[in-house]
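Q: Could you walk me through the salt bridges here, and show me what sits around one of them? I'm new to this, so please explain the terms as you go.

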Amino acid sequence: MCCLPPRSRNTPPVTLVLDLDETLVHCDTTPVSKYDFTFDVECNSFTYNIFVRKRPFFAAFLEQVSHWYEVVVFTASQQPYADELLSIVDPDRKWIKHRLFRDSCVYTEGNYVKDLRCLGRDLSKVMILDNSPHAFGFQVNNGIPIRSWFDDEADTELRDMLPILGRMRTMADVRPALDAMFKQAGKVDAYREQA
């Protein structure tokens, strides 16, 4: 099943999939002293007030990668929450072209896995930036790991990703370069040997 509409003539050749929570933002339902905005969301007959912190360099990062890539946010979060949050931070979808939620994930062994085949894109031209390597466990060579972010105002991970992403946007196949940089397949193999 394909979750995205077909590519158009104007669609950039490479797709960048971004995780949401602890990659781009951190959200909390308990009041916090520093936050960028709040919003209410109804889920399972409850209304939650969500406190949102945007990761440092959030806007500059999204502005830049949206010029280079077809940008997709793919989150294991439920749609009511994530859709509302994304509608606040990118109301006109100028940065993020497509949104995928928990219902597009595969639930396996207690984890929500983002099977990139559901995008309907050539996997040689798809990358996923995610703080949870389990999330891209079906296509480890497409993954770019990033440290989880909660509230560190000195964090520079998004800014530091830009030179890497700038180089990746013209590659015929992103997977060999990602494997050479991040060695995710080797880490998975080592993990399986220990299990």
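**A close look at the salt bridges**

A: Let's start with arginine 175 and aspartate 173, whose side chains form a salt bridge with N and O 3.0 Å apart. The term covers a side-chain nitrogen of Lys or Arg within 4 Å of a carboxyl oxygen of Asp or Glu. By this rule the structure has eleven salt bridges. Keep in mind that this is a predicted model, where local features need pLDDT of at least 70 and side-chain atom pairs count only at pLDDT 80 or more, while totals for chains, interfaces and linings use all residues. Residues are numbered from 1 along each chain as its sequence is written, and side-chain values use heavy atoms, leaving out hydrogens and water.

How open to the outside are these two partners? Arginine 175 is partly exposed at 28% relative accessible area, and aspartate 173 is partly exposed at 28% too. (Buried means under 20% relative accessible area, exposed over 50%, and partly exposed in between, with a 1.4 Å probe and protein chains only.) Elsewhere, salt bridges with shared partners tie Asp19, Lys114 and Asp130 into one network.

Next, look at aspartate 115 and arginine 117, a salt bridge with its closest N and O atoms 2.6 Å apart. Aspartate 115 has 9% relative accessibility, so it counts as buried. Arginine 117, at 55%, is exposed.

Now for a pair that reaches across the chain. Glutamate 63 and lysine 94 form a salt bridge at 3.9 Å, N to O. Glutamate 63 lies in helix α1 (residues 58-68) and lysine 94 in the loop between α2 (79-89) and β6 (98-100), so the partners are 31 residues apart and link distant parts of the chain. (Helices, H or I with at least four residues, and strands, E with at least two, are DSSP runs numbered from the N terminus.) Glutamate 63 is partly exposed, at 31% relative accessibility.

What lies around α2? This helix packs on a sheet and touches β2, β3 and β4, where contact means heavy atoms within 4.5 Å. The direction of α2 makes about 150° with that of β3; axes are lines fitted to C-alpha atoms, for helices over the stretch in contact, and angles run from 0 to 180 degrees between N-to-C directions. The sheet itself is open, with three strands in the order β2-β4-β3 and antiparallel pairing. (Two strands pair if DSSP finds at least two bridges between them.) β2 (25-28) and β3 (37-43) are the edges, each with a single partner strand, so one side of each has no neighbour in the sheet.
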